[in-house]
Amino acid sequence: MVAELHQRYRTCRRDFESLKSAAENRDSRLDLLRYQLAELKAEVTTVAAIEELFADRKRIAGRGRLAEAARTALTAAYESDGDSAHDLLAKAHAALRQVADADPQLAPRQPCWRRP
């Protein structure tokens with residue numbers, strides 16, 4: 001009988017500690033959310049500001065797609081196995097440089113994609 005009571009006590013104590021920890025976490029989370037809400041209320045006072053927040057949220061949510069698109073564009077511009085955009089621009093520049101003496105406006109200049 002004493003063993004059963006002790007086991008029940010240990011179970012109740014464990015449950016109590018678990019609930020106590022959950023309540024502390026809940027209180028901490030509520031404090032954080034209250035702080036964030038106060039910050040938003042102070043900063044977001046116009047419709048434009050709200051729309052900007054939604055745009056930021058959408059941009060952040062799509063960051064993986066944006067990064068993949070940037071990698072694809074970089075590969076197409078510089079690292080393509082065939083003629084990359086960089087290679088095509090270099091060929092166009094070389095072709096124009098060969099006929100630069102025919103028109104003074106085509107005088108050799110550093111191409112825009114190579115400028116610092």
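Is D56 buried, partly exposed or exposed? The tour returns to this residue at its final stop.

**Whole chain**

Begin with the entire chain displayed as a cartoon, bearing in mind that this is a predicted model. Four helices and zero strands make up the secondary structure, and from the N terminus the order of elements reads α-α-α-α. Colour the chain by pLDDT next. The mean over the chain is 81, and 83% of the residues reach at least 70. Confidence is highest in α1, at 89, and lowest in helix α4 (residues 85-98), where the mean is 77.

Now switch to a surface representation. The accessible surface of the chain amounts to about 10,500 Å², with carbon and sulfur atoms contributing 58% of that area. Of the 116 residues in the chain, 5% are buried.

**Helix α1**

Select residues 2-43, which form helix α1, and show the side chains of R13 and E17. These two side chains are joined by a salt bridge, with an N to O distance of 3.2 Å. R13 and E17 are about one helical turn apart, because four residues separate them along α1. An α-helix has 3.6 residues a turn, so residues three or four places apart point the same way. R13 is classed as partly exposed because its relative accessibility is 41%; E17, at 34%, likewise counts as partly exposed.

**R26 and D27**

Move the selection to R26 and D27. A salt bridge links this pair, and the closest N and O atoms lie 3.8 Å apart. With a relative accessible area of 53%, R26 is exposed, since the cut-off for that class is over 50%. D27 has a relative accessibility of 41% and therefore counts as partly exposed.

**Helix α2**

Select residues 47-61, helix α2, and place a distance label between the C-alpha atoms at its two ends. The separation is 21 Å, which agrees with the 21 Å expected for 15 residues at 1.5 Å a residue. What covers this helix? Hardly anything: the number of buried residues among its 15 is one.

Within α2, display the side chains of D56 and R59. They meet in a salt bridge with an N to O distance of 2.6 Å. The two residues are three positions apart in the helix, about one turn. Side chains of opposite charge can pair when their charged atoms come close. R59 is partly exposed, at 47% relative accessibility. As for the opening question, D56 is partly exposed, because its relative accessibility is 27%.

**Closing view**

Finally, return to the whole structure with acidic and basic side chains shown. A search of the whole structure finds five salt bridges; among them are R13 with E17, R26 with D27 and R59 with D56.

Definitions and conventions: Residues numbered from 1 in each chain as written. Predicted model: local features only at pLDDT ≥ 70, side-chain atom pairs only at ≥ 80, totals over all residues. Heavy atoms only, no water. Expected span 1.5 Å × (residues − 1). Buried < 20%, exposed > 50% of the residue type's maximum accessible area, 1.4 Å probe, protein only. Areas by Shrake-Rupley, 256 points an atom, 1.4 Å probe, with all protein chains shown as cover. Salt bridge = Lys/Arg side-chain N within 4 Å of Asp/Glu carboxyl O. pLDDT = per-residue confidence, 0-100.
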